[in-house]
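Got the model open in your viewer? Let's take a walk through it, one selection at a time.

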Amino acid sequence: MRLGAALLLAALAAAASAGEIYHWKDKEGRANYADTPPPGNTPTRTLSGRVTEFPVPQPENAQGAKSGATSAAEEAVELRKRQAQAADKQAQAEKAAADAVERRTNCERARNQLAALESGQRVARFNDKGEREYLDDAQRAQETDFARKAADSWCK
């Protein structure tokens, strides 16, 4: 106990020589000592005995004059507004990323289809009855044009 009190006095003496020492009690009733004033509008006493209260800074309105503190409801509205804006930006970024992935996938598919049609191999399609039908030269040319347009569209 004596050692703790001696250490506290030594610390206070060393800090007092460096500048003001502030003393205040927190919400739980504990005594606090520091070389900087406490946050907020806490009644404080210096070790020299001077009692001080630190004013809470007031926000300025659009005309530059100090106004009363903004209410908690106004701050909550502003917070929700900022959160909604951030969520919108994130949603737009996610949509752009998904669109880019879809574009790359469709480009790759269109190029593969075009390569298969230009390879000269026989190409077959299934008809309404589920039977395989091979493309003739006119159908192949039509499908090649369609695949080329799709590749140009998706692979910009």
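## First stop: a link between two helices

Start by selecting Arg-148 and Glu-118, whose side chains come together in a salt bridge with N and O 2.5 Å apart. This pair ties distant parts of the chain together: Arg-148 belongs to helix α3 (residues 137-154) and Glu-118 to helix α2, with their positions 30 residues apart. How exposed are the two partners? Arg-148 is partly exposed at 35% relative accessibility, and Glu-118 is also partly exposed, at 46%. Bear in mind as you click around that this is a predicted model.

## Zoom out for a moment

Switch to a cartoon view of the whole protein. You should find 3 helices and 6 strands, and if you follow the sequence, they come in the order α-β-β-β-β-α-β-β-α. Colour by accessibility and buried residues account for 14% of the 156 residues. Take the contacts between residues at least 6 apart in sequence: 25% of them join residues at least 24 apart.

## Along helix α3

Back to helix α3, where you can pick out Thr-144. Is Thr-144 buried or exposed? Its relative accessible area is 9%, under the 20% cut-off, so Thr-144 counts as buried. Now show what surrounds Thr-144: leaving out neighbours within four places in sequence, the contacts are Leu-114, Leu-117 and Glu-118. You have met Glu-118 already, as the salt-bridge partner of Arg-148.

Next, select Ala-147. Setting aside residues up to four places away in sequence, Ala-147 touches Ala-110, Gln-113, Leu-114 and Leu-117. Leu-114 and Leu-117 are thus on the contact lists of both Thr-144 and Ala-147.

Which residues make up the largest nonpolar core? Select Leu-114, Leu-117, Val-123, Leu-135 and Ala-147, and you have the full set of 5. As a general rule, nonpolar side chains in soluble globular proteins tend to be buried together.

## Down helix α2

Now travel along helix α2 (residues 72-118) to Lys-95 and Asp-99, which sit 4 residues apart, about one turn of the helix. Their side chains make a salt bridge, with the closest N and O atoms 3.2 Å apart. Check the surface here: Lys-95 is exposed at 52% relative accessibility, while Asp-99 is partly exposed at 36%.

## The hairpin

Jump to strand β1 (residues 22-25) and strand β2 (residues 31-34), an antiparallel pair joined by 4 bridges. Select Lys-25 and look across to β2, where its bridge partner is Ala-31. The hairpin has 5 residues between the strands, and among them Gly-29 takes a positive phi near 90 degrees.

Stay here and show the side chains of Asp-26 and Arg-30, which meet in a salt bridge at 3.3 Å, N to O. Asp-26 is partly exposed, with 22% relative accessibility. Add Glu-28 to the selection: salt bridges with shared partners join Asp-26, Glu-28 and Arg-30 into one network. If you want to hunt for the rest, the structure's salt bridges come to 6.

## Last stop: a charge over a ring

Finally, select Arg-122 and Tyr-134. What sits over the ring of Tyr-134? That is the charged end of Arg-122, 3.8 Å from the centre of the ring. No need to go looking for aromatic pairs, though: the count is 0.

Technical notes
Residues are numbered from 1 along each chain as its sequence is written. This is a predicted model: local features need pLDDT of at least 70, side-chain atom pairs count only at pLDDT 80 or more; totals for chains, interfaces and linings use all residues. Side-chain values use heavy atoms; hydrogens and water are left out. Two strands pair if DSSP finds at least two bridges between them. Rings of Phe, Tyr and Trp (its six-membered ring) pair if their centres lie within 6.5 Å; planes under 30 degrees apart count as stacked, over 60 as edge-to-face and the rest as tilted. A charge sits over a ring if NZ of Lys or CZ of Arg is within 6 Å of the ring centre and within 35 degrees of the ring normal. A salt bridge is a side-chain nitrogen of Lys or Arg within 4 Å of a carboxyl oxygen of Asp or Glu. Buried means under 20% relative accessible area, exposed over 50%, partly exposed in between (1.4 Å probe, protein chains only). A nonpolar core is a set of buried Ala, Val, Leu, Ile, Met, Phe, Trp, Tyr and Cys residues joined through side-chain atoms within 4.5 Å. Contact means heavy atoms within 4.5 Å.
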